[in-house]
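User: Hi! I would like to learn how to read a structure of a protein complex, one feature at a time. Could you take me through one?

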Amino acid sequence: MAKDKIINVTLKVWRQKNAESKGHFETYDAKDVNVNMSFLEMLDVVNEDLILAGKSPIAFDHDCREGICGTCGAMVNGYAHGPDKAVTLCQVHMRSFKNGETIVIEPFRAKAFPVIKDLAVDRRSMDRIIAKGGYISVKTGNAPDAHATPVQKKASDLAMDAAACVGCGACVAACPNASASLFVGAKVSHMGLLPQGQPERKQRVQNMVWQMDSEGFGNCSNAYQCEAACPKEISVDNIARMNRDINRCGN
Amino acid sequence: MSLHSKEPSGPVNEKWESHKFDMKLVNPANKRKVDVIVVGTGLAGASAAASLAELGYNVKSFCIHESPRRAHSIAAQGGINAAKNYPNDGDSVHRLFYDTVKGGDFRARESNVHRLAENSVKIIDQCVAQGVPFAREYGGYLANRSFGGAQVSRTFYARGQTGQQLLIGAYGALMKEVDKGGVTLFTHREMLDIVVIDGKARGIVVRNLRTGKIESHSAHAVVLATGGYGNVFYLSTNAKACNVTAAWRAHKKGAYFANPCYTQIHPTCIPVKGDFQSKLTLMSESLRNDGRVWVPKKKGDKRRPSAIPEEDRDYYLERKYPSFGNLVPRDMASRNAKEQSDEGKGVTETGLAVYLDFKEAIERLGKDAIKARYGNLFDMYFQITDSDPYKEPMVIYPAVHYTMGGLWVDYNLMSNLPGLHVLGEANFSDHGSNRLGASALMQGLSDGYFVIPNTIGHYFAGTPGALDDVSTDHPEFKKTEDEALARINKLLAVNGTRTVDDFHRELGNLMWDKCGMARNKEGLEFALKRIPELRKEFWSNVKVAGDNEDYNQSLEKAGRVADFMEFAEVMVKDALEREESCGGHFREEHQTEEGEAKRDDENFSHVSAWEFTGVDSAPILHKEALEFVDVPPSERNYK
Ligand SMILES: Cc1cc2nc3c(=O)[nH]c(=O)nc-3n(C[C@H](O)[C@H](O)[C@H](O)COP(=O)(O)OP(=O)(O)OC[C@H]3O[C@@H](n4cnc5c(N)ncnc54)[C@H](O)[C@@H]3O)c2cc1C
Ligand code: FES
């Protein structure tokens, strides 16, 4: 096999015991890193060494490791999910970094995302927003035949684009105001673009936006950092759709 | 204890309807006083919790994730089957039933499978009503594609993320009930044990993963929907947190474990690239619709794929199975890839890979059409491998993917432990010894939306004492909490020299070598000897970081690996005991001259359900005989 490229990097990692304690950076050397490793596999190796040395491993959340569960995420060199475009952190590979580089790793920061430990943050505020209306209220067993309501392909495709959101919170972390507008806009659009979503359209947007505000997320000031950070390339058009729906409610 | 499937009598296509009428009901006003614990918020758990709450039950929903939406179901890519027959290509409930029984190599219960096929139709209706954005055609109607093991197009899909879209639907339904107060949500909780009082499941003990606090929760019934155990192999396509813990602890409290040796190896995954590998990535089976699988005809042909002319390629699936071609069921596609590699025709430097080639499809349909179908999968492949599948064929190899075995359940999805119900991948019920693609999502949602809401009431109304008051004040809760905590402290106290992952990797390698794609007596006996040794070493030499009162991921893993170390043994034992080949269980001693799996219906047409007797003591085997009335067993022929 053509020998895999090996690099050495220095990590500056945010360490914080829990939400109450103050955090700080610690520095670790990651040596002999195979560039075909994923970023999280590199952290695994660092953690194995920390554990054997009797130290506390870096807490970071992850699960599917293939970019769909929305569990992973951190700021890497100032970018949510790292430097690559349109991927989650678990999909970033070490080939995106240079030999000798220093990599700064911090948690997603937002008032509505308290730190659990190190890089792991609590994003349940997003669940509470969904609970306020991010669904169509149909009870099990009530549904008509799936072909009873045809849906224009274009509307359905746009709804799918919006529904692709994995709820990782990168949009919030990237936003200068820590706004969740892209997250909420995506859900409002997903439902609002479909005929099934019409009956609850007004109350959905009102209730979700109200919950977003009360969770301490900021307002959207059109910086569009959210779209740039989104691993699923969710468009800011969804924010515009949300705003249109709010205006229609006639506050 | 006798194993009674409680299948209703009568013709297979009438069983479920008549059973629904015959089952006892709980009066709507009384449901509010009944507590149900649902562990797991994947497709099975979320759909069950939401539907039970809609009926009026008081539901407590638990998951290990920070949010219910992160359950492993989210990773499903390819699609979900349903016998809608929208394409008018001859599909029907009966055909889906038939394909599933046959695909499972005649090791599933006919009545369960038929019910699944019936419910499949309603699942699509339900999901569309929830706003699941399934792919549509220009006319605005739903699109379908085909999957392995079927000759009709019955798979519904939402780009390459069907699982996420279905889960968002079920999660939405769950959150709706959370908002209404019908469901209380307990996230970041790991179930460590089940509490059995007077022979009935009456609650669970969990660890709060944030704080380490051990908590008790009581209920009138417990529903487990905690997923499969594929991570016993360490490397698999499962998410990292997938575990056997909940099922295993229930097993230790008396629930039988059925067919643990039935594991599915998925044929199209990205091959292992190094020792640091932490998991394997699936490339959806839907790719086999347009991709052609091949290897070089000559052993050790190291030319680049594009430099190998047509006449030097062997499209071995098309050659050996002309009528199904690249769409043979998973077990066959996997075994054939292994066979080619074993013969020295595997590609890449490791020789453990075959090609999946889209060149012909791109020429035929155009790059845009392929992109529309598989764009995100191609991107994912590129991101991981740094190779462009639009230009070079993908390299793929089989990997552990799904587990057909699970806790034994009767027709009502109740285990032999009264009050304990098991849904989704965690039970053993519908797929026999091999699951067809796009059928797990269907089963999870059938169990959760349509089966358990009917059958749980029958348990409550038909079982003396089921609705007696329960409370965590009962001494059994305290006792169970103490045991759970003692085990945690024991793990933390070892303070050895090897990490949890290191042990897990070793166990995984052993299982892959000896109890993986092909098994034989010698290898299984070796594993049976080695597992207890490894387990002993684990308990005397593992190093777990930190302490209990913390967000401690090292400790979480340790508990799960400790359970895999026990579970692995019954899995191997089951594989050893099953002296036949069927579906995903391939015993090298039992094959036809052409190397296909050879069943032994006379001696093994049964479910093997194991009873726990102690960690270092042999489990007891119970058998549930299987009867095939509507789909008479035949040799599975995909030629
Ligand atoms: C990569 C991949 C792709 C797939 N694609 C398809 C496909 O296209 N079509 C198809 O039909 N099937 C597919 N499958 C299979 C299918 O996704 C799963 O079988 C199915 O989603 C399992 O659902 P479930 O609800 O049973 O369990 P899961 O979704 O695994 O959910 C388990 C739940 O239990 C919780 N849990 C687990 N242990 C504990 C514990 N100890 N305490 C508390 N909570 C716990 C978890 O938090 C989670 O909420 C795929 C599988 C994989 C790995
Ligand atoms: S771990 Fe699932 S998206 Fe990264």
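Analyst: Gladly, and let us begin where the chains meet. In this predicted model, 75 residues of chain B touch 76 residues of chain A.

User: How should I think about the size of such an interface, and what area is buried between chain B and chain A here?

Analyst: The general idea is that interface size is often quoted as the accessible area lost when the parts come together. In this case the area buried between chain B and chain A is about 6,400 Å², with carbon and sulfur atoms giving 52% of it. On the chain B side, the residues that lose the most area to chain A are Arg70(B), Phe276(B) and Gln383(B), together 11% of what that side buries.

User: How many salt bridges does the rule find across the interface of chain B and chain A?

Analyst: There are 10 of them across that interface. One pairs the side chains of Lys17(A) and Asp550(B), with N to O at 3.6 Å. Another pairs Lys132(A) with Asp179(B), where the N to O distance is 2.7 Å. That second pair runs from the loop between helices H2 (124–131) and H3 (153–163) of chain A, where Lys132(A) sits, to helix H6 (residues 162–180) of chain B, which holds Asp179(B).

User: Are Lys132(A) and Asp179(B) buried or exposed?

Analyst: The cut-offs help here: buried means under 20% relative accessible area, exposed means over 50%, and partly exposed is in between. Lys132(A) has 28% relative accessibility, so this residue counts as partly exposed. Asp179(B) has a relative accessible area of 35%, so Asp179(B) is partly exposed too.

User: What about a buried residue, and which residues is Gln126(B) in contact with?

Analyst: Gln126(B) belongs to helix H5 (residues 110–129) of chain B, and because its relative accessibility is 1%, Gln126(B) counts as buried. Setting aside neighbours within four places in sequence, its contacts include Val138(A), Lys139(A), Thr140(A), Gly141(A), Asn142(A) and Ala143(A) from chain A, along with Tyr449(B) and Phe450(B) from chain B.

User: Now for salt bridges inside a chain. Where in chain B are Glu580(B) and Arg107(B), and how many residues apart are they?

Analyst: First the total: over all chains the structure holds 76 salt bridges. In the one you ask about, the side chains of Glu580(B) and Arg107(B) meet at 2.9 Å, N to O. This pair links distant parts of the chain, 473 residues apart: Glu580(B) is in the loop between helix H16 (553–577) and helix H17 (601–604), and Arg107(B) is in the loop between helix H4 (93–103) and H5. Both residues, Glu580(B) and Arg107(B), are buried.

A second example is Glu215(B) with Arg189(B), whose closest N and O atoms are 2.8 Å apart. Here strand S8 (residues 214–218) of chain B supplies Glu215(B) and strand S6 (residues 189–197) supplies Arg189(B), with the two positions 26 residues apart in sequence numbering. Both Glu215(B) and Arg189(B) are buried. Salt bridges can also share partners: Asp105(B), Arg107(B), Arg578(B), Glu580(B), Arg599(B) and Asp601(B) are joined into one network in this way.

User: I also like to check backbone angles. What is phi of Tyr224(A), and what is phi of Asp386(B)?

Analyst: As background, most residues other than glycine have a negative phi. Tyr224(A) is not a glycine, yet has a positive phi of about 60 degrees. Tyr224(A) is in the loop between helix H6 (201–214) and helix H7 (225–229) of chain A, and counts as partly exposed at 45% relative accessibility. Asp386(B) also has a positive phi, near 70 degrees. Its place is the loop between helix H11 (367–385) and strand S15 (394–403) of chain B, and Asp386(B) is partly exposed with a relative accessible area of 46%.

User: To finish, what is the overall picture of chain A?

Analyst: Chain A has 8 helices and 7 strands. Its C-alpha atoms fill a box of roughly 60 × 45 × 35 Å along the principal axes, and 59% of its 251 residues count as buried. Among its contacts between residues at least 6 apart in sequence, 69% join residues at least 24 apart.

Conventions. Residues are numbered from 1 along each chain as its sequence is written. Chains are lettered from A and ligands numbered from 1 in the order in which they are written. This is a predicted model: local features need pLDDT of at least 70, side-chain atom pairs count only at pLDDT 80 or more; totals for chains, interfaces and linings use all residues. Side-chain values use heavy atoms; hydrogens and water are left out. Helices (H or I, at least four residues) and strands (E, at least two) are DSSP runs, numbered from the N terminus. Buried means under 20% relative accessible area, exposed over 50%, partly exposed in between (1.4 Å probe, protein chains only). Contact means heavy atoms within 4.5 Å. Buried area is the accessible area (1.4 Å probe) that two parts lose on being put together, summed over both. A salt bridge is a side-chain nitrogen of Lys or Arg within 4 Å of a carboxyl oxygen of Asp or Glu.
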